[in-house]
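These are my notebook entries on a single protein chain, written down in the order in which I looked things up. I begin with one residue and work outwards from there.

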Amino acid sequence: SIPDLIYYTLQLFTLQSGAQVPVNIFLEIARFLAPLISFYVIVSVIFILIQQFRLFLFNIIPSRHIIVCGLGYLGPEIVRYYQDRTRVVVIESDPGNREIETCKDSGAIVIIGDATNENILKKAGIQKARDIFIVAGKDSTNAKIASSCKKVLDEKKGNEVQCHIHFFNPHLSRAFFPLAFFSKTKSRCRMEFFNLYLISGYCIQKLYPPFSDHDAHLGQAHVLILGAGRMGEEIITRTVKRWIAKKTGTSITITCIDKTAREKEQYIKCRYPALSGHCHLTMIEADITSKDFLAGDFLKQVPCVPAIGMIYIC
């Protein structure tokens, strides 16, 4: 009967029930999986309740914590830097991101949701935060998150919050600098715009200058750059600026190798039209994974004079 079937089905979830079941491979699998799945669900619910309880305690206890919006390239590094220094709350929109479990293991609180949503920001305790790092994948997304942060923080008075916004486009970070200055006097949200490649290019060339003072005195230098992506572009422009600052009156030689060199050359010439007046730029198209590159055939296209003094691999 149907009541008997329901009763026997419920017995699958009870160990040592003593019920006699017919020999059936599917039923055998089911009666072992049933308690295992039940146990898994109970453990998962306990973990969720613990997470929610931590958020509840976190929201009622004042805290000068760090909020990280996005677990892309920069987000996990920021979490690792601050994990032993202060409380960290992460907002990530992708529940399948592999870095989520790593962040939880390091003690960070992870909230799955859209950081452009004001309610999600409030849940992360933005009103009591010390710093917010907005490092999502796109510049447009970062700008929307920053706008939401400013709106939430300006709703009521409180502590000032430093909002660090990353722009992949270095020209955007420069363009928004006046807005950052204005925010320091008119809002709780202190905005600061930065670009990873601008900072990295400066740090790298501070440690390893592209040319020596002797080369500048002679009025000739040669720099080889592998890769013309965002980092390569920054190294090219920063090298030329350093050369112009030396006032040599000559042009520096830069050779760049990239698998899309022809497209990059047109892009660089359009974006930096004054570059050609201070730099002899040679773009060589080669794929670093190809046998021709490993054989060194591309070296035949590299100018021999002056000799290469520095190589940057980007």
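**Entry 1, H166 and strand 5.** I looked up H166 first and found it buried, with a relative accessible area of 1%, where buried means under 20% relative accessible area, exposed over 50% and partly exposed in between, computed with a 1.4 Å probe on protein chains only. The model is predicted, so I note that local features need pLDDT of at least 70 and side-chain atom pairs count only at pLDDT 80 or more, while totals for chains, interfaces and linings use all residues. Residues are numbered from 1 along each chain as its sequence is written, and side-chain values use heavy atoms, with hydrogens and water left out.

H166 lies in strand 5, residues 161–166; helices (H or I, at least four residues) and strands (E, at least two) are DSSP runs, numbered from the N terminus. Leaving aside neighbours within four places in sequence, I listed L74, I134, V135, D139, N142, F194, N195 and L196 as the contacts of H166, a contact being heavy atoms within 4.5 Å. The strand as a whole is mostly covered, since five of its six residues are buried.

**Entry 2, the partners of strand 5.** Which strands run parallel to strand 5? Strand 4 (residues 129–134) is joined to strand 5 by four bridges, and the two run parallel; I use the rule that two strands pair if DSSP finds at least two bridges between them. D131 has Q162 as its bridge partner in strand 5. Between these two strands the chain passes through helix 6 (residues 139–153), and this β-α-β crossover is right-handed, which is to say that, with the strands pointing away from the viewer, the path from the first strand over the helix to the second runs clockwise. Strand 5 is also joined to strand 6 (residues 189–194), in parallel, by six bridges, and there I165 stands opposite F193.

**Entry 3, two further parallel pairs.** I then followed strand 2 (residues 88–92), which runs parallel to strand 3 and is joined to it by four bridges, with V89 opposite I109. The chain goes from strand 2 through helix 4 to strand 3 in a right-handed β-α-β crossover.

Strand 8 and strand 9 (residues 279–285) pair in the parallel sense over seven bridges, and C256 has M283 as its bridge partner in strand 9. With helix 12 (residues 261–271), these two strands make a right-handed β-α-β unit.

**Entry 4, the largest pocket.** I recorded a volume of about 450 Å³ for the largest pocket. On a 1 Å grid over the protein atoms alone, a pocket is an open set of points where a 1.4 Å probe fits, with protein on both sides within 12 Å along at least five of seven lines, and lining residues have an atom within 4 Å of a point. Of the 16 residues that line the largest pocket, F47, I48, Q51, K104 and V110 are the closest to its centre.

Which element gives the most to the lining? Helix 2 does, with seven residues; helix 2 (25–60), helix 4 (99–105) and strand 3 (109–112) each supply at least two. By class the lining divides into nine nonpolar, two polar and five charged residues, with Ala, Val, Leu, Ile, Met, Phe, Trp, Tyr, Cys and Pro counted as nonpolar, Asp, Glu, Lys and Arg as charged, and the others, Gly among them, as polar.

**Entry 5, backbone details.** I checked the peptide bond from V305 to P306, which is cis with omega near -5 degrees; P306 sits in the loop between helix 13 (291–295) and strand 10 (310–313). K247 is not a glycine, yet has a positive phi of about 55 degrees. K247 lies in the loop between helix 11 (230–245) and strand 8 (252–258) and is exposed, with a relative accessible area of 75%.

**Entry 6, C314.** In the segment after strand 10 I found C314, which is partly exposed, at a relative accessible area of 39%. Its C-alpha atom is separated by 7.4 Å from that of A228, although the two residues are 86 residues apart along the chain. Neighbours within four places in sequence aside, C314 is in contact with I225, L226, G227, M231, G232 and I235.

**Entry 7, the whole chain.** Lastly I noted that the protein chain has 13 helices and ten strands, and that 39% of its 314 residues count as buried. Of the contacts in the protein chain with a separation of 6 or more, 70% come from residues 24 or more positions apart.

Definitions and conventions
Grid points are joined across faces, edges and corners, and a volume is the space filled by probe spheres set on the points.
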